[in-house]
Protein chains: 2
Amino acid sequence: MVQYIAPPLDLSFAALSDATRRGIIDLLGHGDASITSLADAFQMTLTGMKKHVQVLERAGLVVTQKVGRVRTCRLGKRGLKAEAEWIEAHRKLFEARFDALDEIINEIQQGGSDEGAV
Amino acid sequence: MVQYIAPPLDLSFAALSDATRRGIIDLLGHGDASITSLADAFQMTLTGMKKHVQVLERAGLVVTQKVGRVRTCRLGKRGLKAEAEWIEAHRKLFEARFDALDEIINEIQQGGSDEGAV
DNA sequence: ACAACACTGAACTATATGGTTCAGTATATA
DNA sequence: TATATACTGAACCATATAGTTCAGTGTTGT
């Protein structure tokens, strides 16, 4: 069994940081597509589109397969699980932080000038 | 009322694509911090850390405030809502896509020639 | 055989990132 | 007042991105 090194979040978040690439994922969500059709859809040269697809591929978000002269792109099995998990975990941190702040504000408003050192 | 243009997902995903910056968010989730303390934590020059914080600030993920000579960084109120929403919506697309594939595979298998090509 | 098609690779541009050093400015402290 | 602290800005470096053009290669259709 070949060990699959999961592309780190670096690659997937970087891949998602471009609107064209998010659009590609969007489009592939509704059906597989060739490089040419993607290039048409986003008004871009074939070469330019190929680079975007490569970025998505490196991130594991898209897989491609060449049959004859056509390379077909589809969403990767990996999905967005790891990314969703990171975001959710940290969303909780954000909220916890604001709850802590609210407490401090409440304490200050109570009138007690005790150091709100959080 | 000043119109606040929400930083697009481009900026936040790009901000999250670096492990150091994800680490900063992690750290700020447990308490506010100065540039110096962050630079220490990540073994980096002050100037380098300041750039990271600026990237996070532009993305709206972190806010800073300078008091005296110390700039304190904390998590931004904006949170990760928009990012979570994008990820979740597209996670569903990924899964729907695989369900569609499974159906096709089932159909093929009904017909006999079982190419396990997935 | 030959033209059209789909992709690929190299090379080039402009800009951004991730980091540094070095030289400041402003603030706190002894 | 002098010194240390905390940050800031400019300049530099190497690499990556986002895009292009141009010149191929290999495949399909007539």
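The two protein copies meet through the same surface, since 100% of the interface residues of chain B are also interface residues in chain A. The model is a predicted one, in which local features need pLDDT of at least 70 and side-chain atom pairs count only at pLDDT 80 or more, whereas totals for chains, interfaces and linings use all residues. Residues are numbered from 1 along each chain as its sequence is written, chains are lettered from A in the order in which they are written, and side-chain values use heavy atoms, with hydrogens and water left out.

When chain B is laid on chain A, the RMSD is 0.0 Å after a turn of 180° and a shift of 0.0 Å along the axis, the superposition being made by least squares on the C-alpha atoms of residues with pLDDT of at least 70 in both copies. The two copies are thus related as by a two-fold rotation axis.

At the interface, 37 residues of chain B are in contact with 37 residues of chain A, where contact means heavy atoms within 4.5 Å. The size of an interface is often given as the accessible area lost when the parts come together. Chain B and chain A bury about 3300 Å² between them, and 70% of this area lies on carbon and sulfur atoms; buried area is here the accessible area (1.4 Å probe) that two parts lose on being put together, summed over both. Within chain B, the residues that lose the most area to chain A are R22(B), F94(B) and R97(B), which together make up 19% of what that side buries.

Two salt bridges are counted between chain B and chain A, a salt bridge being a side-chain nitrogen of Lys or Arg within 4 Å of a carboxyl oxygen of Asp or Glu. R22(B) takes part in a salt bridge with D10(A), in which the closest N and O atoms are 2.8 Å apart. Four residue pairs, both residues at pLDDT 80 or more, are in polar contact between the two chains; a polar contact is a pair of N or O atoms within 3.5 Å, and within protein one must be able to donate a hydrogen and the other to accept it, while residues adjacent in sequence count only if both atoms are side-chain atoms. On the side of chain B that touches chain A, two or more residues each come from α1 (9-16), α2 (19-28), β3 and α5 (81-110) of chain B, these helices (H or I, at least four residues) and strands (E, at least two) being DSSP runs numbered from the N terminus. The most is given by α5(B), with 13 residues.

DNA strand D is surrounded by 21 residues, the closest being R21(A), K51(A), H52(A), T36(B) and R71(B), and a residue is near a strand if one of its heavy atoms lies within 4 Å of it. Of the atoms of DNA strand D within 4 Å of the protein, 65% belong to sugar or phosphate and the rest to bases. Base oxygens of DNA strand D lie 3.1 Å from an N or O atom in the side chain of R69(A) and 3.0 Å from an N or O atom in the side chain of T47(B). The largest share of the surface near this strand, five residues, comes from α4(A).

DNA strand C is surrounded by 22 residues, of which the closest are T36(A), K50(A), R21(B), K51(B) and H52(B). Sugar and phosphate account for 66% of the atoms of DNA strand C that come within 4 Å of the protein. A phosphate oxygen of DNA strand C is 2.2 Å from an N or O atom in the side chain of R21(B), and a phosphate oxygen is likewise 2.7 Å from an N or O atom in the side chain of T45(B). For H52(B), a polar side-chain atom lies 2.2 Å from a phosphate oxygen of DNA strand C. The most is given to the surface near DNA strand C by α4(B), with five residues.
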